[in-house]
Amino acid sequence: DEVEIVAAAQFAIDINPINSPPTGALAKLRMAPDKFAIAIMTTKYFGAGGVNLTVGFMETTSAALADKILLHMNAWGAFCNAKFTMTTGAANRAQVRISRGGGGYYSYLGSDVLRIPSNQQTMNLQGFSLNTPESEYKRVIRHETGHTLGCPHEHMRYEIVNRLDPKKTIAYFGQTQGWSPPEVQQQVLTPLATNSLLGIGTSPHAEEDSIMAYQLPGSITKDGRPIVGGVDITPDDGMYLGRAYPLAIVPPPPPVAGKLTVTLEVDASNK
């Protein structure tokens, strides 16, 4: 409801002030912005100090499967200061709680993860098992982990949304996902506010192959060309979150006190 949306937005701003909508974005509203309007435009990134979250599983999960899922979640750590670690306690004590039950694939966005009741999952990976193809681990788990880190959908940038035929898009997602027209409007057809991109490390053009982009068929685009969608973290994806959560720079070791190294060069012509 609106009260929870406003509270979640204030929570996100308290965690990282950069989540607050910029003045320029607010100025575009046709009326004085109220708390709800501001909340809708608020992003959900964690602080610049990085992300270190515990992970638990809602269902009994083998160590091998848990390790494999965490391996793909931590693939983001090659690009940014983000780390996911298995909780040592009960699943409901973890900050990221994963279910493999019904409901498809999804994750709550960034700081919203920390506001979900402890008896509910924050990420859903329906049916994932050790038999799931490796390509799906890369495509799905890395995508949903991107949401956990605060990344919005790349296909919701205006450049891509503007290519979609609204009626065909609503019909397509109704048939394939069972989504209602309002859900399609919210999940696919509403362009991101500019501040959702943080203005850091993002290409000036939408990246159709971003791990955060859906694959969309040419049958629902105005020009008949498909949106290719992402299958793994791209360099641009990595650069984007690397700016949001910079990797620590390890300084060179200091010189050893009292030790002087001298390099001598001998001129062979003097021999």
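Which elements cover the buried residues of helix 5? The tour below reaches that point after a view of the whole chain. The model is predicted.

**The whole chain**

Begin with the entire chain in a ribbon display. The chain holds 9 helices and 5 strands. Followed from the N terminus, its elements run α-α-α-β-α-β-β-β-β-α-α-α-α-α. Of its 271 residues, 40% count as buried. Next, display the surface: the chain exposes about 15000 Å², and carbon and sulfur atoms supply 57% of that area. Contacts may also be considered by their separation along the sequence. Among the contacts with a separation of 6 or more, 72% are between residues 24 or more positions apart.

**Helix 5 and its surroundings**

Now select residues 134–148, which form helix 5. This helix has 15 residues and reaches 21 Å from its first C-alpha to its last, close to the 21 Å expected at 1.5 Å a residue. Colour its buried residues, which are Y137, V140, I141, R142, H143, E144, T145, G146, H147 and T148.

Then add the neighbouring elements to the selection. The cover over the buried residues of helix 5 includes strand 1 (51–57), helix 4 (63–73), strand 2 (82–86) and strand 3 (96–99). Strand 4 and strand 5 are also included in this cover.

Two further selections belong here. First, show Y137, one of the buried residues of helix 5, together with K68. The residue K68 lies over the face of the Y137 ring, at 4.3 Å from the ring centre. Second, select G150, which follows helix 5 and has a positive phi, near 110°.

**R115 and its two partners**

Move to R115 and display its side chain with that of E4. R115 forms a salt bridge with E4, and the closest N and O atoms are 3.2 Å apart. Why does this pair tie together separate parts of the chain? R115 lies in the loop between strand 4 (105–107) and strand 5 (123–125), whereas E4 belongs to helix 1 (residues 2–15), so the salt bridge ties together parts that are 111 residues apart in sequence. R115 is partly exposed, with a relative accessible area of 29%. E4 is partly exposed too, with a relative accessible area of 38%.

Keep R115 on display and add F11. R115 lies over the face of F11, at 5.5 Å from the ring centre.

**Further salt bridges**

How many salt bridges does the structure hold? It holds 9, and two others deserve a visit. Select R157 and E154: their closest N and O atoms are 3.0 Å apart in a salt bridge. Are these residues buried or exposed? R157 is buried, and E154 is buried as well.

Next, select E208 and R163, which form a salt bridge with the closest N and O atoms 2.7 Å apart. This pair links distant parts of the chain, 45 residues apart. E208 lies in the loop between helix 8 (181–189) and helix 9 (235–244), and R163 lies in the loop between helix 6 (158–161) and helix 7 (166–177). E208 is partly exposed, with a relative accessible area of 23%, whereas R163, at 13% relative accessibility, counts as buried. Add D223 and R225 to the view: R163, E208, D223 and R225 are linked in a network of salt bridges.

**Aromatic rings**

Finally, turn to the aromatic side chains, among which the count comes to 7 aromatic pairs. Select Y106 and Y108. Their ring centres are 6.4 Å apart and their planes stand at 90°, so the pair is edge-to-face. Y106 is partly exposed, with a relative accessible area of 29%, and Y108 counts as partly exposed at 31% relative accessibility.

Now select F173 and Y214, which form a tilted aromatic pair, with 6.4 Å from centre to centre and 35° between the planes. Where do these two residues lie? F173 is in helix 7 and Y214 is in the loop between helix 8 and helix 9, so that the pair links distant parts of the chain, 41 residues apart. F173 is buried, with a relative accessible area of 4%, while Y214 is partly exposed, with a relative accessible area of 22%. To complete the tour, add Y172 and W179: ring pairs link Y172, F173, W179 and Y214 into a cluster.

Technical notes:
Residues are numbered from 1 along each chain as its sequence is written. This is a predicted model: local features need pLDDT of at least 70, side-chain atom pairs count only at pLDDT 80 or more; totals for chains, interfaces and linings use all residues. Side-chain values use heavy atoms; hydrogens and water are left out. A salt bridge is a side-chain nitrogen of Lys or Arg within 4 Å of a carboxyl oxygen of Asp or Glu. Helices (H or I, at least four residues) and strands (E, at least two) are DSSP runs, numbered from the N terminus. Buried means under 20% relative accessible area, exposed over 50%, partly exposed in between (1.4 Å probe, protein chains only). Rings of Phe, Tyr and Trp (its six-membered ring) pair if their centres lie within 6.5 Å; planes under 30 degrees apart count as stacked, over 60 as edge-to-face and the rest as tilted. A charge sits over a ring if NZ of Lys or CZ of Arg is within 6 Å of the ring centre and within 35 degrees of the ring normal. Contact means heavy atoms within 4.5 Å. Accessible areas come from the Shrake-Rupley method with a 1.4 Å probe; for residues, only the protein chains shown count as cover. The expected span of a helix is 1.5 Å times one less than its number of residues.
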